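Please look through the model shown here, paying attention to its bound ions. The paragraphs after it are meant for someone meeting this structure for the first time.

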Amino acid sequence: MAYYSSRLDFFCHLCGTTLIVPSREYAQCPLCKSLRDIQDIRDKEISYTITAEEIRRELGMEIIEEQKVQLSKVNKKCEKCGHDEANFYTRQMRSADEGQTTFYTCTRCGHQSQEN
Ligand SMILES: [Zn+2]
Ligand SMILES: [Zn+2]
């Protein structure tokens, strides 16, 4: 896991500074330069729990909250089978620029289309 080199919440046992991981072999205190074997840290990591949200934040991933606003039927001609009824719902992408997207699903063939 690339995870080891990007985050660590382990602290220097001498000065309490958060350790950095310059290689896969050891962790180093950026302040007092003391080294710790990475094996030592991995053992502790087993009992360390982290939420998915924290991982995403650490990795710099955008947290996209999808919200189903509604699901209902509408008269829309399916471009695939010509059926004139589709389910539709809108989704608001909170962190996206384009805002609301409307999704249509044909009630006969299941063909999906979307409109911004
Ligand atoms: Zn230190
Ligand atoms: Zn269809």
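What follows describes two metal sites in turn.

This is a predicted model, in which local features need pLDDT of at least 70, side-chain atom pairs count only at pLDDT 80 or more, and totals for chains, interfaces and linings use all residues. Residues are numbered from 1 along each chain as its sequence is written, chains are lettered from A and ligands numbered from 1 in the order in which they are written, and side-chain values use heavy atoms, with hydrogens and water left out.

The zinc ion (ligand 1) has as its protein donors the SG atoms of C12, C15, C29 and C32, which lie 2.3 to 2.4 Å from the ion; donors are N, O and S atoms within 2.8 Å of the metal (3.2 Å for Na, K and Ca), and because water is not among the atoms, sites may look incomplete. Along the sequence these donor residues follow the spacing C-x2-C-x13-C-x2-C. The angles among the four donor atoms run from 99 to 130° and the site is tetrahedral, a term used for four donors if all angles lie between 85 and 135 degrees. Of these donor residues, C12 counts as buried because its relative accessibility is 4%, whereas C15, at 36%, counts as partly exposed; buried means under 20% relative accessible area, exposed over 50%, and partly exposed in between (1.4 Å probe, protein chains only).

The zinc ion (ligand 2) is coordinated at 2.3 to 2.4 Å by the SG atoms of C78, C81, C106 and C109, and the arrangement is tetrahedral because the four donor atoms subtend angles of 107 to 112°. Here the donor residues are spaced C-x2-C-x24-C-x2-C in sequence. Among them, C78 is buried at 9% relative accessibility, and C106 is buried with a relative accessible area of 6%.

Definitions and conventions. Four donors count as tetrahedral if all angles lie between 85 and 135 degrees; four count as square planar and six as octahedral if opposite donors are over 155 degrees apart and all others between 65 and 115; anything else is irregular.
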